[in-house]
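Student: I should like to discuss the structure shown below, beginning with one of its helices. Please explain each term as it arises.

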Amino acid sequence: MEILRDVALFLHLVGFGALFGGEFVQLRDADKVVNSAMLHGVLTSVLSGLLLVGVIEGLEEPVDHVKIAVKFGVALVIAVLCWVNRARERVPNGLFYAIVLLTVANVAIAVFW
């Protein structure tokens with residue numbers, strides 16, 4: 001079961017890396033888009049995060065459900081924003097930077113809470 005937890009954590013981090021990497025490469029671009037790395041990264045993070053919580057609860061380790069709910073809520077907002085705007089040729093800068101800010105906030109919640 002611990003191996004499954006480690007695999008889920010690995011996939012969760014890979015998903016975050018894809019999301020943040022997809023955002024980071026566009027910082028200098030004039031036209032921002034929701035690229036496939038961002039979309040697939042956030043979907044991977046959400047699904048692997050849910051799996052991770054289930055595995056941790058299966059191991060009967062303590063889980064802070066409020067923290068998980070907040071992180072899931074933020075990730076869900078990011079996922080919806082990416083999904084809805086995935087086909088646009090260009091997204092407004094404010095929306096793009098909101099997605100970046102929410103991504104960084106979700107990582108901050110994970111680390112500092």
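Student: How far apart are the end C-alpha atoms of α2, and what span should its 23 residues have?

Tutor: The model is predicted, so local features need pLDDT of at least 70 and side-chain atom pairs pLDDT 80 or more, while totals for chains, interfaces and linings use all residues. Residues are numbered from 1 along each chain as its sequence is written, and side-chain values use heavy atoms, without hydrogens or water. Helices are DSSP runs of H or I with at least four residues, numbered from the N terminus, and the expected span is 1.5 Å times one less than the number of residues. For the 23 residues of α2 this gives 33 Å, in agreement with end C-alpha atoms that are 32 Å apart.

Student: Is L47 of α2 buried or exposed?

Tutor: L47 lies in helix α2. Buried means under 20% relative accessible area, exposed over 50%, and partly exposed in between, with a 1.4 Å probe and protein chains only. At a relative accessible area of 60%, L47 is therefore exposed.

Student: Which elements are among those that cover the buried residues of α2?

Tutor: The buried residues of this helix include M38, L39, V42, V46 and L52. Cover is judged by contact, meaning heavy atoms within 4.5 Å. Among the covering elements are α1 (2–24), α3 and α4 (93–112).

Student: Which helix gives the most to the nonpolar patch?

Tutor: Patch residues have over 30% relative accessible area and no salt bridge, and nonpolar side chains (Val, Leu, Ile, Met, Phe, Trp, Tyr) are joined within 5 Å; a salt bridge is a side-chain nitrogen of Lys or Arg within 4 Å of a carboxyl oxygen of Asp or Glu. The patch, of about 740 Å², has L47, F72 and W83 among its members. Both α2 (36–58) and α3 (65–84) supply at least two residues. The largest contribution, five residues, comes from α3.

Student: How many aromatic pairs are found in the whole structure?

Tutor: Rings of Phe, Tyr and Trp (its six-membered ring) pair if their centres lie within 6.5 Å; planes under 30 degrees apart count as stacked, over 60 as edge-to-face and the rest as tilted. A search of the whole structure gives three.

Student: Why is the pair of F16 and F20 stacked?

Tutor: F16 and F20 are four residues apart in helix α1, about one turn. F16 is partly exposed at 29%, and F20 is partly exposed at 31%. Their ring centres are 5.8 Å apart and their planes lie at 20 degrees, so the pair is stacked.

Methods: Patch = residues over 30% accessible without salt bridge, like charges linked within 9 Å, V, L, I, M, F, W, Y side chains within 5 Å. Areas by Shrake-Rupley, 256 points an atom, 1.4 Å probe, with all protein chains shown as cover.
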